Amino acid sequence: MNRDGLDLSILHLDTLLAHAGRDPARSERAVNPPVHRATTLLADDVGELYDAPKTYALDGMAVQEALRAALVAIEGGAGAVLSPSGLTACTLAILATARADGEILITDSVYKPTRRFCDRSLKQFNIKPIYYDPRIGAGIADLITDKTCAIFLESPGSLTFEVQDVPAITAVAKARGVTTIIDNTWSAGIYFKPFEHGVDISVQALSKYQAGHADAFMGSTIGATKGLFNKIWLASKDLGLGVSPDDAFLVLRGLRTLSVRLERQSASALRIARWLEHRPEVARVLHPALESSDDHAIWKRDFHGASGLFGIILNEAPPERVAAMLESLKLFGLGFSWGGYESLAIPCDPQIVHTAKPWQAEGQCIRLSIGLEHPDDLIADLTQAFARLT
């Protein structure tokens, strides 16, 4: 197989996912890269101990490098840094851009563990988190001061699903010299291209759609430029972050089938969301691909598709009834992750914290992650569960 001159940038997505990061020459002609379970790297001489490009396996070997190359080929940017979880990818990006006595603007719909890190750990370094309405758009300009060192976006929010006007925010940020970071996990780096919309740093939880099988933790942080990538890489080394070669292999293996899985999960989720719009138990469906969504116009303008994660707002019902409904589900598991092959459901209200603009809803918020089961079976499961609400 001669890969000389192969231009990944001209390939269709399915082909790109199958070929990105592959180097048969380095893999002794194997299709997949080798997995080096190693800590120590040996040098040929004393000088090489300190001068070699790589002196310790924590920096990553063939399989980690293949995964990093594949992520950049898919999402863009100058370079990717792998970390042990999606949360560490978020915190790494924040730490790489923060400065003492600075301020970071953070979307009010941010992933709760990221919010917890900002409220607890950042404050120890006298770095102030300021939360903003996710629908603020160009109005973010009113919040930027000389102390602002970064703006952290998440679009859509992974609990309340507001879609942000990313180009409007990044245009203001660039004019003011402020770095922008986005949690792009919902789109899997496929349905939204952050660097095309002016974002500086993209983070993802690869544990979700890339791994796809609920069996590996990992995160990625990608810098738009070489300078940003180097800054993130050095921060990662200072923190001693690294990922297991076995986990990197699992994520890379999952990446090969990402397109077909995501296409199926997206279609199933949209079908179920449309069905839920007509259920008497449901007040609202939080899915930006629905025409009824407040954010549909921005989603349609900026996104190429939708993933399998969305929410619903129930009509008012006693908490014990909602718990009974969730506990009666047979195909949906009760679990906090998403993006795997299995469908999941969680009640969101204990996690929702909005301080910039109060969260208002008719009833409890339920998040659904649609897996690879047949949508008819999932609809039947939800139908029998809804009977517990009355």
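1. Asn126 lies in the loop between helix H5 (112-124) and strand E3. Its backbone deserves a reviewer's attention: although Asn126 is not a glycine, its phi is positive, at about 60 degrees. Most residues other than glycine have a negative phi, and most peptide bonds are trans. The structure under review is a predicted model, and the points below should be read accordingly.

2. Two further backbone features belong with Asn126. Ala188, placed in the loop between E5 and strand E6 (201-205), is a residue other than glycine with a positive phi, near 60 degrees. Buried or exposed, how does Ala188 stand? With a relative accessibility of 2%, against a limit of 20% for burial, Ala188 counts as buried. The second feature is the peptide bond between Ser155 and Pro156, which is cis, with omega about -10 degrees. Pro156 is found in the loop between E4 and H6.

3. As for the overall architecture, the chain comprises 12 helices and 12 strands. Its radius of gyration is 22 Å, close to the 21 Å that the globule rule gives for 390 residues, so the chain is as compact as a globular protein of that length. The C-alpha trace spans about 75 × 50 × 35 Å along its principal axes. Of contacts between residues at least 6 apart in sequence, 73% join residues that are at least 24 apart.

4. On burial and surface, 54% of the 390 residues count as buried. The chain exposes about 17,200 Å², of which carbon and sulfur atoms supply 53%. The charges comprise 38 positive and 46 negative ones, and the mean positions of these two sets are 1 Å apart.

5. Strand E4 (148-154) merits separate comment. Seven of its seven residues are buried, so E4 is largely enclosed by the rest of the structure. Which strands pair with E4 in the parallel sense? One is strand E2 (residues 103-107), joined to E4 by four bridges; in this pairing Ile106 stands opposite Phe152 of E4. Another is E5, which runs parallel to E4 over five bridges, with Leu153 standing opposite Ile182 in E5.

6. Ile130, in strand E3, gives a local view of this region. Leaving aside residues up to four places away in sequence, Ile130 touches Glu103, Ile104, Leu105 and Ile106. By contrast, Asp14, which is 116 residues from Ile130 in sequence, is 40 Å away in space, C-alpha to C-alpha.

7. Helix H6 (residues 166-176) has as its buried residues Val166, Ala168, Ile169, Thr170, Val172 and Ala173. What covers these residues? The cover includes strand E3 (128-132), strand E4 (148-154) and strand E5 (179-183). After H6 comes Gly177, with a positive phi near 70 degrees.

8. A mixed, open sheet is formed by five strands in the order E8-E9-E12-E11-E10. Strand E8 (282-286) and strand E10 (333-334) stand at its edges with a single partner strand each, so one side of each is left without a neighbour in the sheet. Strand E11 (residues 344-347) is joined to strand E12 (residues 365-369) by four bridges in the antiparallel sense, and Pro347 stands opposite Ile366 in E12.

9. Within this sheet, strand E9 (residues 309-314) has six of its six residues buried, so E9 is largely enclosed by the rest of the structure. In a regular strand the side chains alternate between the two faces of the sheet. Both faces of E9 are covered: Leu309, Gly311 and Ile313 are buried on one side, and Phe310, Ile312 and Leu314 are buried on the other.

10. The pairings of E9 complete the description. E8 and E9 are joined by four bridges and run antiparallel; here Val285 stands opposite Ile312 in E9. E9 also pairs with E12, again in the antiparallel sense, over five bridges, and Leu309 stands opposite Ser369 in E12.

Technical notes. Residues numbered from 1 in each chain as written. Predicted model: local features only at pLDDT ≥ 70, side-chain atom pairs only at ≥ 80, totals over all residues. Heavy atoms only, no water. Helix = DSSP H or I, 4+ residues; strand = E, 2+ residues; numbered from the N terminus. Rg over C-alpha atoms; globule rule 2.2 N^0.38 Å. Buried < 20%, exposed > 50% of the residue type's maximum accessible area, 1.4 Å probe, protein only. Contact = heavy atoms within 4.5 Å. Areas by Shrake-Rupley, 256 points an atom, 1.4 Å probe, with all protein chains shown as cover. Lys, Arg positive; Asp, Glu negative; His and termini not counted. Charge placed at Lys NZ, Arg CZ, Asp CG, Glu CD. Pairing = 2+ DSSP bridges.
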